[in-house]
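Visitor: I should be grateful for a close look at a single part of this structure, followed by an account of how the rest of the chain is arranged around that part. Please begin directly with the part itself.

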Amino acid sequence: MKKTPMQVVQAFGAGMMSGTDSWKGFIADDITFTGPVDQVSGFEAFCKLNEGFMSMIRGNRMNRAVEAENFVITQIEVDVAMPSGKTITLDMNEWYEIKNGKIQSIKVYYDAEEFRKESA
């Protein structure tokens, strides 16, 4: 049975939080990622970026998720452990584009100032 765009995004998120590589099965080979700190394209580059960021995640809360055609837009809060030892909370909006049951692109929006300040 074909998954809806929302089901793809939910399965991707559950896979990331499970600590397994199951989330990789929901990523298109030519995925593009655009965020305030990094931009990458391609499966390998995205996986490397995502694995680095996921190791810093200490928790997350989904506040909203909306599906419109082949897009899913989320508003989440993510607790991120910084190298300084401080944990910051990022209020993120994510735009997922789903094609053929895989995530084709992700655009992430958040105020990166505190993230950059703590990363320096």
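Guide: Glu 114 belongs to helix α3, which covers residues 113–119. In this predicted model, Glu 114 is partly exposed, since its relative accessible area of 29% falls between the cut-offs of 20% for buried and 50% for exposed. Once neighbours within four places in sequence are set aside, the contacts of Glu 114 are Lys 86 and Ile 88. Leu 90 precedes Glu 114 by 24 residues along the chain, and the C-alpha atoms of this pair are 8.7 Å apart.

The helix that holds Glu 114 is one element of a chain with three helices and six strands. In sequence order these elements give the pattern α-β-β-α-β-β-β-β-α. The radius of gyration is 14 Å, close to the 14 Å that the globule rule gives for 120 residues, so the chain is as compact as a globular protein of that length. The C-alpha trace spans about 45 × 30 × 25 Å along its principal axes.

Pairings between residues distant in sequence, such as Glu 114 and Leu 90 with their 24-residue separation, can be set beside a figure for the chain. Of the contacts between residues at least 6 apart in sequence, 45% join residues at least 24 apart. Met 6, in helix α1, offers another such pairing: the C-alpha atoms of Met 6 and Glu 67 are separated by 6.1 Å, although these positions lie 61 residues apart along the chain. Beyond its neighbours within four places in sequence, Met 6 is in contact with Ala 65, Val 66, Glu 67 and Val 72. Met 6 counts as buried because its relative accessibility, 16%, is under the 20% cut-off. For the chain as a whole, 42% of the 120 residues count as buried. The chain exposes about 6900 Å², of which carbon and sulfur atoms supply 51%.

Helix α1 also has a part in the largest pocket, to whose lining it gives the most, with eight residues. This pocket has a volume of about 690 Å³. There are 35 lining residues, and those closest to the centre of the pocket are Met 16, Asn 50, Phe 53, Met 92 and Glu 94. Two or more lining residues come from each of α1 (5–18), α2 (43–54), β3 (57–68), β4 (71–81), β5 (87–99) and β6 (102–109). By class, the lining has 25 nonpolar, seven polar and three charged residues.

Two loops between these strands deserve attention for their backbone geometry. Most residues other than glycine have a negative phi. Glu 69, in the loop between β3 and β4, has a phi near 55°, a positive value in a residue other than glycine. Asn 100, in the loop between β5 and β6, likewise is not a glycine and has a positive phi of about 55°. Glu 69 is exposed, with a relative accessible area of 75%, and Asn 100 counts as exposed at 78%. Both values can be set against the 29% of the partly exposed Glu 114, with which this account began.

Technical notes: Residues numbered from 1 in each chain as written. Predicted model: local features only at pLDDT ≥ 70, side-chain atom pairs only at ≥ 80, totals over all residues. Heavy atoms only, no water. 1 Å grid on protein atoms, 1.4 Å probe; cavity = no way out; pocket = protein on both sides within 12 Å on 5 of 7 lines; lining within 4 Å. Points joined across faces, edges and corners; volume = space filled by probe spheres on them. Helix = DSSP H or I, 4+ residues; strand = E, 2+ residues; numbered from the N terminus. Nonpolar A, V, L, I, M, F, W, Y, C, P; charged D, E, K, R; others polar. Rg over C-alpha atoms; globule rule 2.2 N^0.38 Å. Buried < 20%, exposed > 50% of the residue type's maximum accessible area, 1.4 Å probe, protein only. Contact = heavy atoms within 4.5 Å. Areas by Shrake-Rupley, 256 points an atom, 1.4 Å probe, with all protein chains shown as cover.
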